[in-house]
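Please open the model in a viewer and keep the selection tool at hand. The stops below are arranged so that each selection leads to the next.

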Amino acid sequence: MSLVRAWHWPLGSMAMLAVVACAGGSDPDPSASGGQSSGGQAGGGGVGGSAGAAGGGGATGGQGGSAGAAGSGGSQCADPGPEPNDSIALASPACGTFPCVVTDCDNTGSTGYGGSLAPIAGVIGPGDVDFFRYDGEDKVGLCTVNAAARTTDTGFRLCLFPSCPAATKLNGCKKGALVTVAGGLQGCCVQAPGEVEADHDCTASTTDDDSAEVFVRIDEASECAPYAVDYHF
Ligand SMILES: [Ca+2]
Ligand SMILES: [Ca+2]
Ligand SMILES: [Ca+2]
C-alpha cells in the first residue's frame with residue numbers, strides 16, 4: 001500500500017529521487033572546483049595589486065573566479081616590462097634609464113630620428129597601458145621645439161603629451177589628432193603605425209622657454225605584441 005501511495009504523490013517521489021541523487025553523487029561541487037582553479041590562476045597572473053585582490057575573491061566561488069580574471073588589469077601578456085607604467089606618475093624612462101634628456105634639435109632624440117638614445121621599447125596587450133617619459137630642453141639656437149614620436153609597428157594607439165613645468169598650451173597637432181585626458185593634459189594620438197607631432201607652448205615662461213616633460217603613451221592594443229617607438233623634441 002505505501003508504495004502505491006508513493007507513486008501517486010509526485011512531490012514525494014521527486015524528493016526521494018533528489019535524496020538518492022545527493023547521497024549517491026560522489027563528485028565534488030563542480031561550480032566550486034571550477035571557480036577555484038580558473039580564478040586562482042588568473043589572479044596570480046595579474047600585475048597590479050588590485051588584480052591579486054580580485055583573484056583572491058575568485059578562489060571562494062565559481063562566479064567570483066571569472067570576475068577575477070576579467071579584472072586582472074595590467075598586462076595580460078608575457079610582458080617583460082618595463083612595468084608597472086600604467087599612469088603618468090609611473091612613466092618609464094623612454095631611453096631605458098633616466099635621465100632621457102633631448103634638446104630641440106631632432107637628431108638628439110632616439111636612433112630612428114638620427115639621435116643616440118634608445119627607442120622606446122615594450123610589450124602591449126589588451127588592458128595594458130604603457131607610459132614613457134623623456135625630458136625636452138628648449139635651447140637657444142636654430143632648432144625648434146616640436147615633440148614627436150612614431151612607430152612602424154601596428155595594432156595599438158600611440159599618443160604624445162608635452163607637459164611644461166607650469167601651464168601648458170597645446171596649439172595643435174602637426175601630426176595626429178588632438179586629445180584631452182583626465183586632468184586636462186592635451187596631446188596628439190594616432191593609430192599605429194604612424195607619427196604624432198605636437199605644437200605646444202609653455203605659457204607661464206617669461207623667456208619663451210618651452211622645455212617640457214614629454215609623455216608617450218601606448219595603449220588600446222587588441223593583441224599582445226612588442227613595439228618600438230622613436231621620439232624627438
Ligand atoms: Ca625639434
Ligand atoms: Ca606593457
Ligand atoms: Ca603598462
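Select G136 and A212 to begin: A212, in β11, is the bridge partner of G136. Strands here are DSSP runs of type E with at least two residues, helices are runs of H or I with at least four residues, and both are numbered from the N terminus. Residues are numbered from 1 along each chain as its sequence is written, while chains are lettered from A and ligands numbered from 1 in the order in which they are written. This is a predicted model, in which local features need pLDDT of at least 70 and side-chain atom pairs count only at pLDDT 80 or more, whereas totals for chains, interfaces and linings use all residues.

**Stop 1: β4 and its partners**

Extend the selection to β4 (130-137) and β11 (212-219). The two strands run antiparallel and are joined by 7 bridges; strands are said to pair if DSSP finds at least two bridges between them. Strands of a sheet pair through backbone hydrogen bonds, either parallel or antiparallel.

Next, add strand β2 (residues 101-103), which runs parallel to β4 and is joined to it by 3 bridges. In this pairing V102 stands opposite G136, the residue whose bridge partner in β11 is A212. Strand β1 (residues 92-93) also pairs with β4 in the parallel sense, over 2 bridges, and S92 stands opposite F132 there.

Colour β4 by burial. A residue is buried if 20 or more other C-beta atoms lie within 10 Å of its own, exposed if 12 or fewer, and partly exposed in between, with C-beta atoms placed from the backbone. By this criterion 6 of the 8 residues of β4 are buried, and the strand is mostly covered.

**Stop 2: β11 and β6**

How many residues of β11 are buried? The count is 6 of 8, so β11 is largely enclosed by the rest of the structure. Now select β6 (157-163), which runs antiparallel to β11 and is joined to it by 7 bridges. L158 stands opposite I218 in this pairing.

**Stop 3: the nonpolar core**

A nonpolar core is a set of buried Ala, Val, Leu, Ile, Met, Phe, Trp, Tyr and Cys residues joined through C-beta atoms within 7 Å. The largest such core has 40 residues, of which L158, L160, V196, V214 and V216 touch the most other members. Elements giving two or more residues to this core include β3, β4, β5 (148-151), β6, β9 (186-191), β10 and β12 (225-232); β11 gives the most, with 5 residues.

Centre the view on V196. Two residues are in contact if their C-beta atoms, placed from the backbone, lie within 7 Å. Beyond its neighbours within four places in sequence, V196 is in contact with residues including A148, L158, L160, C173 and V190.

**Stop 4: the open sheet**

Which strand order does the open sheet of 5 strands have? The order is β3-β12-β5-β10-β7, with antiparallel pairing. β3 (120-124) and β7 (168-175) are the edge strands, each pairing on one side only. Neighbouring strands are turned by 25° against each other on average, direction ignored; the axes are lines fitted to C-alpha atoms (for helices, over the stretch in contact), with angles running from 0 to 180 degrees between N-to-C directions.

Select β7 with strand β10 (residues 194-202): they pair in the antiparallel sense over 6 bridges, and C173 stands opposite A198. E197 also lies in β10. E197 is partly exposed, because 18 other C-beta atoms lie within 10 Å. Its C-alpha atom is separated by 9.5 Å from that of Y231, 34 residues apart along the chain.

**Stop 5: a loop and the whole chain**

V181 is placed in the loop between β8 (177-180) and β9. V181 is partly exposed, with 14 other C-beta atoms within 10 Å.

Finally, show the whole chain, with its 5 helices and 12 strands. Of its 233 residues, 36% count as buried. pLDDT is the predictor's confidence in each residue, from 0 to 100; the chain averages 79, and 68% of the residues score at least 70. Over residues 1-73 the pLDDT is below 50. Where pLDDT is low, the predicted coordinates should not be read in detail.
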